[in-house]
Amino acid sequence: MPPVSNKRPNRKRLTAEQKLRNKRIQIIVACVLIVALLIVAFVVAPTYPKAPLLMVIGLGLGYVMQRSRFCFTAAYRDPGLTGETKLTRAVIVAFALSTIFFFGKHASQFGADLSGLSADNMPGNVINLQMCIGSFIFGIGAVLAGGCASGTFVRMGEGYVQLWICFPFFCIGNAVAGAITKATAGTWFTAGSKVYLPQLFGGLVPALLIQLLALLGLWILAWWWENKKRAQFN
């Protein structure tokens with residue numbers, strides 16, 4: 001057997017001028033794409049009035065996700081694989097912020113005491129068989145692809161060829177699954193009835209406090225787990 005070499009292959013190193021040129025090209029291309037997307041959003045605004053707002057929100061979220069390398073799959077995978085919980089704690093913070101946002105939205109719609117809530121306008125839906133099957137298949141695909149939907153877009157922008165191959169199949173799978181779900185609505189197995197947690201907890205305010213405390217506990221648990229793993233490795 002030939003000896004195994006740990007020496008990495010030589011890579012072409014860019015000069016400072018080349019790095020600066022590439023950075024300028026990236027900035028120019030990004031500005032052109034942003035302007036083009038905003039123009040498209042305002043063109044379709046007469047038909048879809050919310051298109052400009054959604055486009056701005058989407059661009060902002062995309063930038064934040066790319067800079068933070070945000071990925072839901074990594075948030076669930078990294079604690080068991082490497083002990084790293086940075087993304088896990090970021091997801092928990094995102095859940096806490098969205099909880100506060102939806103508290104305000106539902107309070108304005110149903111009232112803090114849920115006096116405006118009824119069986120007809122209760123949010124959510126019942127669990128059905130296609131949801132369980134789809135979640136299982138999506139989990140397998142996310143592991144094989146190396147990321148969820150948000151992670152796929154981030155890594156596509158970073159030039160990962162694997163995710164460029166996964167993306168069209170991701171779109172095809174979503175389209176097929178959506179068509180099957182729409183065509184078979186009401187014909188698959190459905191279990192139970194709607195459950196609205198604020199109703200079980202006695203109002204939106206108790207539900208908000210309970211959920212924020214639960215998320216705080218998960219954040220502390222993730223932080224403790226990371227420190228424990230670091231101590232073991234050190």
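**Which helix gives the most to the lining of the second largest pocket, and with how many residues?**

Let's start with some ground rules. We're working with a predicted model, where local features need pLDDT of at least 70, side-chain atom pairs count only at pLDDT 80 or more, and totals for chains, interfaces and linings use all residues. Residues are numbered from 1 along each chain as its sequence is written, and side-chain values use heavy atoms, with hydrogens and water left out.

*Step 1.* Know your terms. A pocket is an open set of points on a 1 Å grid over the protein atoms alone, where a 1.4 Å probe fits, with protein on both sides within 12 Å along at least five of seven lines; lining residues have an atom within 4 Å of a point. Helices are DSSP runs (H or I, at least four residues), numbered from the N terminus.

*Step 2.* List the candidates: helix H5 (129-145), H6 and helix H7 (161-183) each supply at least two lining residues.

*Step 3.* Pick the winner: H5, with 10 residues. The whole lining has 23 residues, and Gly-134 and Phe-138 are among those nearest the pocket's centre.

**Exercise 2. Sort the lining of the largest pocket by class.**

*Step 1.* Set the classes: Ala, Val, Leu, Ile, Met, Phe, Trp, Tyr, Cys and Pro are nonpolar, Asp, Glu, Lys and Arg are charged, and the others, Gly among them, are polar.

*Step 2.* Count: 15 nonpolar, five polar and three charged. The second largest pocket, for its part, has 15 nonpolar, eight polar and no charged residues in its lining.

*Step 3.* Find the main contributor: H2 gives the most to the largest pocket's lining, with nine residues.

**Exercise 3. Work out how H1 and H2 lie relative to each other.**

*Step 1.* Two packed helices are described by the angle between their axes and the distance between the axes. Axes are lines fitted to C-alpha atoms over the stretch in contact, and angles run from 0 to 180 degrees between N-to-C directions.

*Step 2.* Read off the values: H1 and H2 pack at about 155 degrees, with axes 8 Å apart.

*Step 3.* Classify. Angles over 145 degrees count as roughly antiparallel, under 35 as roughly parallel, 65 to 115 as roughly perpendicular and the rest as oblique. So H1 and H2 are roughly antiparallel.

*Step 4.* Look at the contact (heavy atoms within 4.5 Å). Leu-37 and Leu-38 of H1 take part, and so do Met-55 and Leu-59 of H2, among others. By class, the contact has 10 nonpolar, no polar and no charged residues.
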